[in-house]
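Dear colleague,

I am handing over the structure below, together with some notes on what was found in it. Please look through the model first and then read on.

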Amino acid sequence: MMNRKTILSFGAAVALLANAGLAAAQPPNPGTGTSFGRVMNVGSGPATVVVQYVDGNGNVAASRNVSSLAQYGATTISPSAGDVTPALPGGWTGSVVASSDQPLVGLTYINWTGGGGGNGFCQGATGLCGDDKHSADYNATTAPSDNLFFPSVARRPEEAGKVYVQNTNPPGGASATAYYYFYDRNGVAFGGNPVIRTIPAGAQVTLDMFDLTANPELNNPYFTNAPGTGWLGSVYVTSTQPIACVAIHTWFYGSCAYTGKPRSSASTNVLF
């Protein structure tokens, strides 16, 4: 029986920053993002790896089998045609689960191209653009939790944030109810806490801080009329089922990503 190791990968050739529902300020436009996973076998022998691409409804859209990944060997998990069956369509977005009979570690990286009319990241207010390619990387999750913290999430003209939450139950398992709690930099809570989402097993949901159509709860002065340069705060997510979470930030010049941390990982000593 395989030990299930969760590898997160959010989208294949998908424009991850939609412009729907924007207020006066336009977020930085990263263009099209394509995500790739990289897994390493750290077990005692060759690994058999099964990779499943899961859509937003919790259905397995494509898969790939690696019959023998050598001990300490690594392989790339790509959404490209020929690497998965059946081929994923352009614009597909979802999550990835890799299962193996040996323990795995992994990461995901997202390459962005074509933002701002082909010039990489661009800022609408100034017209400033970066070069034609940027990447956001984050570690894969192997220990899901029912509570995860994000110390930095933004909704500002020069900085756009998204929070991705995956229900790590196998497809066909129990759905998760996720509760999002928002706090600004001074610890002031959003009056609409919690924002609630239902996530099918294996699937992920995206909370885009700029997409007020998909996330009408965020169409609130707490976010849209935040003082200074815009809203900058943190998010705490709890769930009725184990989850894995990633936050992605984009600016006109680049991007970054990080995984949410459970309360059990907090410490009185934090090293940078």
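Tyr 72 is found in the loop between β4 (60-69) and β5, and in this predicted model Tyr 72 has a positive phi of about 65° although it is not a glycine. Is Tyr 72 buried or exposed? Its relative accessibility is 54%, and because exposed means over 50%, Tyr 72 counts as exposed.

Two peptide bonds also deserve a look. The bond from Thr 85 to Pro 86 is cis, with omega near -10°, and Pro 86 sits in the loop between β5 (74-77) and β6 (95-100). Asn 193 and Pro 194 are likewise joined by a cis peptide bond, with omega about -10°, and Pro 194 lies in the loop between β11 and β12.

As for the interior, the largest nonpolar core has 27 residues, and those with the most contacts inside it are Phe 150, Val 165, Tyr 180 and Phe 182. At least two residues of this core come from each of several elements, including β9 (145-156), β10 (159-167), β11 (176-184) and α2 (221-224), while β14 gives the most, with 6 residues. Leaving aside residues up to four places away in sequence, Phe 150 touches a set of residues that includes Val 163, Val 235, Val 237, Cys 245, Val 246 and Tyr 258. Apart from this core lies another, of 15 residues, among them Val 51, Tyr 53, Val 66 and Trp 92.

With best regards

Technical notes
Residues are numbered from 1 along each chain as its sequence is written. This is a predicted model: local features need pLDDT of at least 70, side-chain atom pairs count only at pLDDT 80 or more; totals for chains, interfaces and linings use all residues. Side-chain values use heavy atoms; hydrogens and water are left out. A nonpolar core is a set of buried Ala, Val, Leu, Ile, Met, Phe, Trp, Tyr and Cys residues joined through side-chain atoms within 4.5 Å. Buried means under 20% relative accessible area, exposed over 50%, partly exposed in between (1.4 Å probe, protein chains only). Helices (H or I, at least four residues) and strands (E, at least two) are DSSP runs, numbered from the N terminus. Contact means heavy atoms within 4.5 Å.
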